[in-house]
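Morning, everyone. Please have a look at the model on the screen. I'll take a pair of helices, then a sheet.

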Amino acid sequence: MTGLLDVKGVSRCFGGLKAVNDVSFRVEKGEIFGLIGPNGAGKTTLFNLISGLTPVSGGILSYDGVPLNSLPPHKVARLGIGRTFQNIRLFKGLSALENVKIARHSRTRAGLWGSVFGFPASHREEQEVKQRAGEILALVGLDNRADELASSFSYGDQRRLEIARALALEPRLLLLDEPAAGMNSAEKHGLTQFIREIRDRFNLTILLIEHHVPLVMGLCDRIAVLNFGELIALGPPAEVQKDPSVIEAYLGGD
Amino acid sequence: MAEFLNNYGFLIVTVVQQALLGMSLYYPLSAGQLSLASPGFYALGGYIAAIIGTAELFAPWRDLLGKAVFPLEWIIAGVASALLSLVIGLPALRLRGIYLALATIAFVQIVRVISLNLSITGGAIGIFGIPQLFESRWGYIWIFGPLLAATLLFTWRLEQGRIGRAFRAIREDELAAEAMGINPTRYKAQAFIIGGTLAGVVGAMSAPFLNTWNARQGTFDASIAYLAYVLIGGTRSLWGALLGAALLATLPEILRPLNDSRLIINGMVLVIVSIYLPQGIVGALARLRGAGKKKGVPAGGKT
């Protein structure tokens, strides 16, 4: 296994607050890597740093050898980093199919005139987009509701649709921000299976933030624990679980 | 028929022309950008056509080209507006929502003040006696009509494909669009440029149609009027601008017998539509059709 994402001494300050403070770890290819920590530990900030939505204050982020530090989010996405959002950011006024089609943007090339005049290449591409989007919706089990508005979906289905949208980008690294939030226990169990399935099927590397401890322990190959912006533990689930500093961070010490 | 055209020809052409101007505002709106810059480009296009049509400097062009000078005016106006929209759009589109609207209003004002003070634009008097392309007002339907048809077709095709999807994605959630690999700056600028170019071409076609061109052509009032077409017609459909323009441009004529009180009714229509039909007329029609369909499905059935 070789490293796909390299986080080296990365920091992010918001005014005087160090939301992420000198964090280093490496995510290996094909791994399911969990990022856990109490609320406000800096997990989502770290996701935003990786996907380019927030600029880093210091340190180096690199993906497959390419430095990410100064790239805008759309270029990061183009490199093959897909993500979902903690508070679900679907295109709510558009259909499920359109949501997925949109993510094919960086994998297609039709320009203004190609689209308008329907040049053969653009036409073919459009057919492919449609077919591919349909396949991905089928994969998450939403193909029978392709034409319904994203806003009409239940919370769990919106989460699945958001994963489908991220998959349509053809990522090699998938960032999942609390994918199980708001799901019932049966759905959570299904999600574990599903994440493994897509990892194998698309040769993905997955970095995920999750609060639900059994899910993280059962799913992840390795786990990093953040607390107040600092990395306090890193390793396989069984080790991290026993780490005294992790127990202290979650339950409170002294 | 001749009498009908005599009476209403001008009105019909005006509706088509106003619909085109509404469309010019629809593109940035479809990418989530509230831009009111259209009258600025419309004024610019009109001045270009008026100056080429009347200035001594361009007399050789007119002699050489005859009527072919008109399409040349449209092309020059289109190119000039496209370039200017690029120059204005790139910095202005960094602003969001109401701030973009304000910046574009400022642009319209700048164009107006400049044209009021330059001698080439005829100052406050403007340019008059612009050579005609057709013998009657009605004749202009032969340029505005095809332009509207082409614009609707263009828009329809655009919205089916990759670029239209990028516009919608940015409108729905710019940040998520960016995380999905869409460069928002690029597509916002594209939408803005398409709108600006269209407004410029319509201006160049309108200068002969209106015979005179002055600083009153591109004003804040016009910004609001075009916005009203799109809002009343429906912001989510390419037919919105046409329907809105048809309603709002003919309403004052239909209500002419009421004299001054017609303006009150005009205003009331605006208020009523925005309260009761928030999605515009097209949105309301789509909902009606949706409701009609659902009735055919037995209770509990999936639609």
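Is the crossing of α10(B) and α11(B) left-handed or right-handed? It is right-handed; that means the near helix is turned clockwise from the far one by less than a right angle, while anticlockwise would be left-handed. A quick note: this is a predicted model, where local features need pLDDT of at least 70, side-chain atom pairs need 80 or more, and totals for chains, interfaces and linings use all residues. Residues count from 1 along each chain as written, with chains lettered from A and ligands numbered from 1 in written order.

Back to the helices. α10 of chain B spans residues 220-233, and α11 of chain B spans 240-254. Helices here are DSSP runs of H or I, at least four residues; strands are E, at least two; both are numbered from the N terminus. The two axes come within 7 Å and cross at roughly 110°. Axes are lines fitted to C-alpha atoms, for helices over the stretch in contact, and angles run from 0 to 180 degrees between N-to-C directions. So α10(B) is roughly perpendicular to α11(B), a label for 65 to 115 degrees.

Who touches whom? On α10(B), B:Y229 and B:I232 are among the contact residues; on α11(B), they include B:L243 and B:L247. Contact means C-beta atoms, placed from the backbone, within 7 Å.

Now chain A. Four strands form an open, antiparallel sheet, ordered β2-β1-β4-β5. Strands pair if DSSP finds at least two bridges between them. β2 and β5 of chain A each have a single partner strand, so one side of each lacks a neighbour in the sheet.

Conventions
Parallel < 35°, antiparallel > 145°, perpendicular 65-115°, else oblique. Contact = placed C-beta atoms within 7 Å.
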